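Could you walk me through this structure in plain words? I have the sequence and the model open and would like to know where to look.

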Amino acid sequence: ERLASSYLKVTEEAASSRQLIRYCVDPDWLPYEAIREGEHVGISSDYIRYIESHSNFKFSLVPTTSWSETLNFLQTGRCELTPMLNKTATREQFLHFSHVYFHSPNVLVSLKEQPFLQGFENIGSRTLAVPKGYRLAEYIQHYYPKVKIIEVGSEPAGLEAVLDKRADLFVGSMFSVNAYIQQTGFNHLKIAGWGGPEDELRMGVSLGHEALLPILNQVLDDVDELERIRIYQKWNNITVIDETNYLLIYQVIVGTLLVVFLLATRTFFISRYNRRLTDKNEQLEALRLRLEHTNAELEFLSTHDPLTKLYNRHYFNRQFVHEHRSEISSEGAICLVMLDIDFFKEINDTLGHAVGDNILMELSGVLQHCVRETDVVARWGGEEFVILCHQTSIDLVKTLCQRIAAAIKDYRFSGNVQLTCSFGIAKLVNNEPMQSCFERADKALYQAKALGRNQICVDEFNT
Ligand SMILES: Nc1nc2c(ncn2[C@@H]2O[C@H](COP(=O)(O)OP(=O)(O)OP(=O)(O)O)[C@@H](O)[C@H]2O)c(=O)[nH]1
């Protein structure tokens with residue numbers, strides 16, 4: 001019936017202007033070609049459509065049930081073209097061939113537990129399934145006559161022979177093996193090695209129709225690379241690799257999230273640690289400032305009199321008395337003044353100790369107001385004070401003491417007290433220890449007291 005309908009089509013096409021070509025294909029050789037529900041499918045079907053759209057040819061499929069039948073139809077003139085096959089010596093007896101337009105490697109297939117093989121020379125005593133009429137059958141018989149061959153009707157039949165253990169190995173095109181394993185899910189099959197020379201697929205036209213070849217070659221040669229890739233990809237849908245890619249993407253995302261999480265955790269802990277460190281540093285800095293302040297206070301207390309805030313005797317001794325200095329320059333010498341309040345006991349006794357304290361503080365202010373910046377005033381003890389004057393002379397110091405006495409006289413002290421002081425002056429002489437100068441100043445003060453108080457006396461050694 002199918003043959004009848006195809007011949008009917010031939011008659012119809014003969015009437016049209018296009019040149020009709022009847023062709024046969026391998027009915028079960030995906031992804032290269034096959035017949036499914038009466039239609040030609042696979043890679044060669046797209047090349048046939050391409051040639052139709054780029055030439056004056058009109059193709060008409062003559063369906064067959066096996067590759068052997070296709071070869072038979074070509075020899076007997078029931079079709080004049082087959083679109084995808086290898087060139088062999090046998091086939092050249094009844095076919096002419098176009099240029100090669102598709103390359104494809106062949107592979108050996110075995111069950112997973114079988115060892116890997118380098119090629120046909122290592123097959124040994126194993127049996128090899130080969131589709132009947134395929135170029136490989138011819139090739140192996142010619143070059144490897146010792147290999148035990150089992151002829152099968154098609155490539156799927158060969159793979160099933162391996163699965164059923166009727167054959168140890170199958171040899172066929174890598175693309176069709178791949179397509180078959182994907183369709184059937186026969187994952188316990190594996191590629192066991194390369195299988196002979198790669199396929200160089202062409203179109204074949206039967207004898208007497210070789211005039212078709214120049215046009216076929218021209219169109220096939222002109223198919224651009226993009227079109228070739230499109231056709232190849234359309235019929236080699238490798239879904240397993242897609243799944244692997246999704247898994248890979250998933251793994252990369254999880255890995256990236258993990259790294260981000262670890263980095264975020266690390267950053268969190270580092271910043272918390274830094275905050276704590278900053279807090280501790282601030283506390284330490286506050287403690288350091290308090291310590292500095294306390295030390296400054298201690299230093300002040302140890303060197304100053306707490307009531308009058310003048311230098312105390314301890315400081316004065318350390319700085320000036322026990323340091324054996326005798327600085328006498330051309331500009332002037334060092335002079336000491338010992339100063340004592342007159343009748344201070346009476347003031348304390350009549351007005352009270354608190355008033356006495358106030359008077360001591362007020363007198364300290366007067367002394368500091370009267371001296372030069374370079375002079376040093378200290379409280380020697382009780383109501384006694386000492387003034388150290390640098391680069392001066394006895395006359396200048398005397399003038400200073402008079403100025404102080406006048407200021408005291410004019411000052412209104414607490415309790416409305418009229419105060420007077422006695423002064424003893426001594427000048428440091430060359431190489432004299434400071435202690436000795438002190439003693440002389442003290443002696444001069446004693447003299448001032450003896451002369452009736454409110455006096456300024458210079459040590460007799462300096463007069
Ligand atoms: N309010 C007060 N009085 C003090 C302080 N230190 C010493 N005095 C008093 O100073 C008085 C010194 O008395 P005296 O040594 O007799 O000397 P004076 O009464 O000033 O008599 P002359 O020095 O001889 O003129 C004593 O009454 C001490 O108690 C002090 O820090 N505050």
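**A walk through the model**

By class, the shell around the ligand has five nonpolar, four polar and seven charged residues. Keep in mind as you look around that this is a predicted model.

Let's stay with the ligand for a moment. Its surroundings are made up of 16 residues, and the closest are Phe-344, Lys-345, His-353, Gly-356 and Gly-382. Three elements give two or more residues each to that shell: β15 (333-341), α11 (344-351) and α12 (353-370). Of these, α12 supplies the largest share, with four residues.

The helices α11 and α12 also meet each other. Their axes come within 6 Å and cross at roughly 135°, so the two helices are oblique to each other. On the α11 side, the contact is made by Phe-344, Ile-347, Asn-348 and Leu-351, and on the α12 side by His-353, Val-355, Gly-356 and Ile-359. Sorted by class, this contact has five nonpolar residues, three polar ones and no charged ones. You may recognise some names here: Phe-344, His-353 and Gly-356 take part in the helix contact, and those three are also listed among the closest residues to the ligand.

Now zoom out. The protein has 14 helices and 19 strands, and 34% of its 463 residues are buried. What about contacts along the chain? If you take the contacts between residues at least 6 apart in sequence, 70% of them join residues at least 24 apart.

A good example of such a long reach is Ala-426, which sits in strand β18. The C-alpha atoms of Ala-426 and Leu-336 are 5.4 Å from each other, although their positions lie 90 residues apart along the chain. Is Ala-426 buried or exposed? Ala-426 is buried, because 29 other C-beta atoms lie within 10 Å. Setting aside neighbours within four places in sequence, Ala-426 is in contact with Leu-336, Cys-437, Arg-440, Ala-441, Ala-444, Asp-459 and Asn-462.

Cys-457, in strand β19 (residues 456-458), makes a nice companion. Cys-457 is buried too, with 24 other C-beta atoms within 10 Å. Ile-425 is 32 residues away from Cys-457 in sequence, yet the two are 6.1 Å apart in space, C-alpha to C-alpha. Beyond four places in sequence, the contacts of Cys-457 are Phe-423, Gly-424, Ile-425, Ala-444, Gln-447, Ala-448 and Leu-451. Ala-444 turns up again here: Cys-457 touches it, and so does Ala-426.

For a contrast, follow the chain out of β18 into the loop between β18 and α14 (434-450), where you'll find Asn-431. Asn-431 is exposed, with 8 other C-beta atoms within 10 Å. Its phi is near 65°, a positive value in a residue other than glycine. Asn-430 belongs to the loop between β18 and α14 as well, and is exposed, with 7 other C-beta atoms within 10 Å. From Asn-430 to Ala-333 it is 97 residues in sequence but 9.4 Å in space, C-alpha to C-alpha.

Another backbone detail waits on the way into β18 (421-427): Asn-416 lies in the loop between α13 (394-410) and β18. With a phi near 55°, Asn-416 has a positive value in a residue other than glycine. Asn-416 is exposed, and 8 other C-beta atoms lie within 10 Å of it. While you are looking at the backbone, jump back to Leu-30 and Pro-31, which are joined by a cis peptide bond with omega at about 10°. Pro-31 is placed in the loop between β2 (28-29) and β3 (33-36).

Finally, how far should you trust what you see? The mean pLDDT of the protein is 89, and 92% of the residues reach 70 or more. Two stretches deserve some caution. Over residues 238-243 the pLDDT stays under 50, and the model has two contacts for them beyond four places in sequence. Residues 326-330 also have a pLDDT below 50, and this stretch has eight contacts in the model beyond near neighbours in sequence. Where pLDDT is low, the predicted coordinates should not be read in detail. As for the scores of the model, ipTM is 0.97 and pTM is 0.47.

Technical notes
Residues are numbered from 1 along each chain as its sequence is written. This is a predicted model: local features need pLDDT of at least 70, side-chain atom pairs count only at pLDDT 80 or more; totals for chains, interfaces and linings use all residues. A residue is near a molecule or strand if its C-beta atom, placed from the backbone, lies within 6 Å of it. Ala, Val, Leu, Ile, Met, Phe, Trp, Tyr, Cys and Pro count as nonpolar, Asp, Glu, Lys and Arg as charged, and the others, Gly among them, as polar. A residue is buried if 20 or more other C-beta atoms lie within 10 Å of its own, exposed if 12 or fewer, and partly exposed in between; C-beta atoms are placed from the backbone. Axes are lines fitted to C-alpha atoms, for helices over the stretch in contact, and angles run from 0 to 180 degrees between N-to-C directions. Angles under 35 degrees count as roughly parallel, over 145 as roughly antiparallel, 65 to 115 as roughly perpendicular and the rest as oblique. Two residues are in contact if their C-beta atoms, placed from the backbone, lie within 7 Å. pLDDT is the predictor's confidence in each residue, from 0 to 100.
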